[in-house]
Amino acid sequence: MNSNYAVPAVALVVLATVLVGAFGLRISRTTSDFYVASRTVGPRLNAAAISGEYLSAASFLGIAGLVLVQGPDMLWYPVGYTAGYVVLLLFVAAPLRRSGAYTLPDFAEARLASQAVRRLAGAFVVGVGWLYLLPQLQGAGLTLTVLTGVPDWLGGIIVAVVVVAIVAAGGMRSITFVQAFQYWLKLTALLVPAFFLLLAWQADGAPRRPFDEPPGFREQRAVRVDTTLDLRLERPLTVTVDGTVNGRAHDGTEIRLPAGTHRVDQGTRLTFAPGTPVPAADRGSNAGMSTSLAAGREERPLYATYGLILATFLGTMGLPHVVVRFYTSPHGVAARRTTVAVLALIGAFYLLPPVYGALGRLYAPELTLTGDADAAVLLLPGRMIGGVAGDLLGALLAGGAFAAFLSTASGLAMAVAGVLTQDVLPARGVRHFRLGTLLAMAAPLAASVLVGGLPVADAVGLAFAVSASSFCPLLVLGIWWRRLTPPGAAAGMLVGGGSAFAAVAATMAGFPGGGPLHALLAWPALWSVPLGFLTMILVSLATPARVPAGTAAILARFHLPEQLRTEVKA
Amino acid sequence: MTVPNSPADRRVVVTGPPRRTLPHARPRPRGRDPHTPGAYRPRTEIAEQTTLGHTYVRSLIRSQLRAALTGCAVLALLIGPLPLVFAAAPNAGRLQWLVLGFCLYAPLVLLAHWYVRRAERNERDFVRLVEDR
C-alpha cells in the first residue's frame, strides 16, 4: 500500500476533526453546553452524531476482516449492533431522556436514591468504557502500521492526544458536531471506493466465487507468514515453500502436505497455485481484530450464535457513550425519533462492510494467513484497481478508518470522563472534567501500550456481554418495574455483570481448551443476562421494605409526556 | 370530545388556588373537594399523586409496555428462527450472505417506525384523556 496518499489523508482527517471541534468550541459557552450541549440537539444532527460515535473501528475495518476470515456467520455482528438500537428504542429511549439524568450512575441514583448503587454503576461504566476504548486505540495503531510501517503504539497515541484535546476543550457541544461530521465522512469513505470496487468486479466478469466455501486463490499468490501459525488442512495441499514447515527447512521446493495440522514458522514464504482452496489458520492471540479466541469455525455452534445475538441486542443500551447521547435530545419524543433516524443511518452504513468482506474473499484471500485481515478494507483498492486511482481510494478508506477511531474514542472518553468527574474527583466543574478526560484516556492507552494483543472482537464482545448482563436489567427493570429495590439492583449488576466478566476473562486467559464448557464461557450472555435479571427480581422481592419512597412519582416522570409535566408544574 | 372553548378558561383552573393550598402528597377523597371542578380532575390527581392519579399513570405505563413488548415479540420472531434456518438449510452460505448482509436492516427500521408511531399515539390519547374529562 502506498503511503504517499494515505498519510496526508489521515492527517487531513485529524486536522478537519480539530477544526470542526474548534467551531463547536466557539459556540460552546455554558456549563450546560459543555456537558449536554444544552439539550437542544435536534433529531437529525443528534442521529448523525450518535451514528458517527457508534460506528467504531470494529465496524469500519473489523467486520469485513471477520467475514473474510470466518465467513458469513460473522454478519451477525452488524445485525446485532443495529438491532440493539431497536431494543433500546422499545424499552429505554424516551423514559431515559425524561429521567433527566446525565449518566448511568445519575439514572441509578435518581431511580433508586442510593449512593451505593450509584457508585457500583459508575464502576461498571468506567470498566465497560475502558474495555471499549482499548480496541479503538489498538485499531488505530494497526492501521498506521499497515499504511506506513511505523511502530504500532504511535497510532494509539495520536488518537488519544486528539481526543483529549477536543473533548477537554469543547465538551459535548463540540463533540456533537465532530461526530455528525465523522458519520458522513465514514459513510463516504466506505461508499465511494465500494462503488468503484464493484465496477472493477463487474469488469472482471462478476465472478461469484466469494460465496463458495472455502474461498480459493484465483491466481498464483505468494504469502509471507509474519507470525508462526498452524495450518489446518482438511484435504492434502500442494504448495511451494521457502522457509520452515513442520521444523524442516525448504528452499523454494514444491511439497505436498497431507491432511492434518502443520506448523509454519515465522518468515516462511508460501506460494499457492491458482484454484487452491485457502487453508484455515490457527494463530496466537495477538493478531489484530479479526482473530477471535472464541471463534473457530467448527467451534461456533448454534449456541454461540444465539449468545452473540443476545449480547449485541441487549448490550447496546448499556454502552456508556450511547446512553450519554440521549440526554442531549430536547425531549422524550425527540429521543425516540432520533433513535429511528440512527437505525436508518447505521443500517445504511452496514450494507457496505459485507461488500468488502465478499470482495476480500475473492481478491485477497491470503490475508487470512498473514494476520492482516483487518487491513482487507484498506488493501482492496490497490489490489483490484491499482495505480493512482487505487492509492487515492485506499487513502480515502484510511482517512475514514481514522475517523472511526477518533469518533468512538471521543464519545467514550466523554462518557467515562463524565463519570470520573462526578463520582471520583473531589469537586465538579469544567476544570475537573478536563482532568477526568485525561484520566479516561490515559488508562486504556497505558494498557494498550503495555499489554497489547487483546483481540478487538473479544474486547468488544466482552464489553457488550458485560453491559447486557448488568446495565440492561438495571435500565429495563428500573424503567418498567415499580418494585425494584437498591439491594436488588446492586446484586443483579454484580452477579450478572460480574459473572459475564469473569467468564470472558477466563476464556481470554486460555481456560479451558474446548468443548461445551468453552462455548458457555466464551459466549456468556445467554446465561448471564437471565441470571442478572433473575437476581435483580428475586433480591428485590425479598427486600420489599427497601422500595424507595418516591418510586411512583419517579416512574410517572419517566413516562408522562413532557407537555403534561411542564404544564402541571407551571 | 369537547375542547375548552377559550384558553383563559383553562388556565384559571390549572394554576388556580386549590392546588397551592393542598399539601402535596395528601391522599384526597375524590370528587368531594368543592374547589376542584370535576372537569379537570385527572390532571390535578396526577400532579398531586393521589391514588387515582397513580391509576392514570399506571394505565399509560401499561399501554407503553404493551407496545414495547409487541415490538420485542416481532423482533424475536423476525430474528430468532434465522440461525436455525441457516443451520438446517442445505446451501446456507449464500442465503446467509443475502439475508444477514442486505435484507434485515429495512425491516428493523420499519419496526422502529411502527413502534414510535404507536408510542406517540398512546401518549396523545393519554393527554387527551387527562385534558378532556
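This report describes a predicted model of two protein chains, A and B.

Residues are numbered from 1 along each chain as its sequence is written, and chains are lettered from A in the order in which they are written. Because the model is predicted, local features need pLDDT of at least 70, side-chain atom pairs count only at pLDDT 80 or more, and totals for chains, interfaces and linings use all residues.

**The two chains**

Helices and strands here are DSSP runs, numbered from the N terminus; a helix (H or I) has at least four residues and a strand (E) at least two. A residue is buried if 20 or more other C-beta atoms lie within 10 Å of its own, exposed if 12 or fewer, and partly exposed in between; the C-beta atoms are placed from the backbone. Two residues are in contact if their C-beta atoms, also placed from the backbone, lie within 7 Å. The table sets the chains side by side.

| Chain | Residues | Helices and strands | Buried residues | Contacts joining residues at least 24 apart, among those at least 6 apart in sequence |
|---|---|---|---|---|
| Chain A | 570 residues | 23 helices, 7 strands | 60% | 83% |
| Chain B | 133 residues | 7 helices, 0 strands | 26% | 60% |

From the N terminus on, chain B reads α-α-α-α-α-α-α.

**Domains and cores of chain A**

Chain A is divided into domain 1 (3–204 + 314–453 + 548–569) and domain 2 (217–276). These bounds come from an automatic or database domain assignment. Taken over C-alpha atoms, the centres of domain 1 and domain 2 of chain A are 40 Å apart.

A nonpolar core is a set of buried Ala, Val, Leu, Ile, Met, Phe, Trp, Tyr and Cys residues joined through C-beta atoms within 7 Å. The largest nonpolar core has 211 residues. Val86(A), Val163(A), Ala376(A) and Ala413(A) have the most contacts inside this core. Helix H9 (residues 153–203) of chain A gives the largest share of this core, 21 residues. Another core lies apart from it and has 12 residues, including Val223(A), Val225(A), Leu237(A) and Val245(A).

What does Ala376(A) touch, not counting residues up to four places away in sequence? Its partners are Ala64(A), Gly65(A), Leu68(A), Tyr356(A), Gly360(A), Ala364(A) and Leu367(A).

**Helices H13 and H17 of chain A**

Two of those partners, Tyr356(A) and Gly360(A), are among the buried residues of H13(A). In H13(A), 12 of the 12 residues are buried, so this helix is largely enclosed by the rest of the structure. The expected span of a helix is 1.5 Å times one less than its number of residues. For the 12 residues of H13(A) that gives 16 Å, and the end C-alpha atoms are 17 Å apart, which agrees.

Helix H17 (residues 430–450) of chain A has 21 residues and should span 30 Å; its end C-alpha atoms are 30 Å apart, which agrees. Buried residues in H17(A) include Phe433(A), Gly436(A), Pro444(A) and Ser448(A).

**Two residues to look at**

Phe558(A) is in helix H22 of chain A. Is Phe558(A) buried or exposed? It counts as buried because it has 23 C-beta neighbours inside 10 Å. Phe558(A) and Gly100(A) are 458 residues apart along the chain, yet 8.6 Å separate their C-alpha atoms. Phe558(A) touches Pro95(A), Arg98(A), Ser99(A) and Ile479(A), leaving out residues up to four places away in sequence.

Ala113(A) sits in the loop between helix H7 (104–112) and helix H8 (115–148) of chain A. Most residues other than glycine have a negative phi. Ala113(A) is not a glycine, but its phi is positive, about 50°. Ala113(A) is partly exposed, with 15 other C-beta atoms within 10 Å.

**Where the chains meet**

The contact takes 41 residues from chain A and 40 residues from chain B. On the side of chain A that touches chain B, the elements giving two or more residues include helix H5 (76–91), helix H12 (332–349) and helix H13 (352–363) of chain A. By class, this side has 31 nonpolar, 6 polar and 4 charged residues. Ala, Val, Leu, Ile, Met, Phe, Trp, Tyr, Cys and Pro count as nonpolar, Asp, Glu, Lys and Arg as charged, and the others, Gly among them, as polar.

**Confidence**

The predictor gives the complex an ipTM of 0.85 and a pTM of 0.83. pLDDT is its confidence in each residue, from 0 to 100. Chain B averages a pLDDT of 74, and 66% of its residues score at least 70. Within chain B, confidence is lowest in helix H2 (residues 17–21), at a mean of 39, and highest in helix H7 (residues 105–131), at 92. Over residues 12–39 of chain B the pLDDT is below 50.

How values were computed:
pLDDT is the predictor's confidence in each residue, from 0 to 100.
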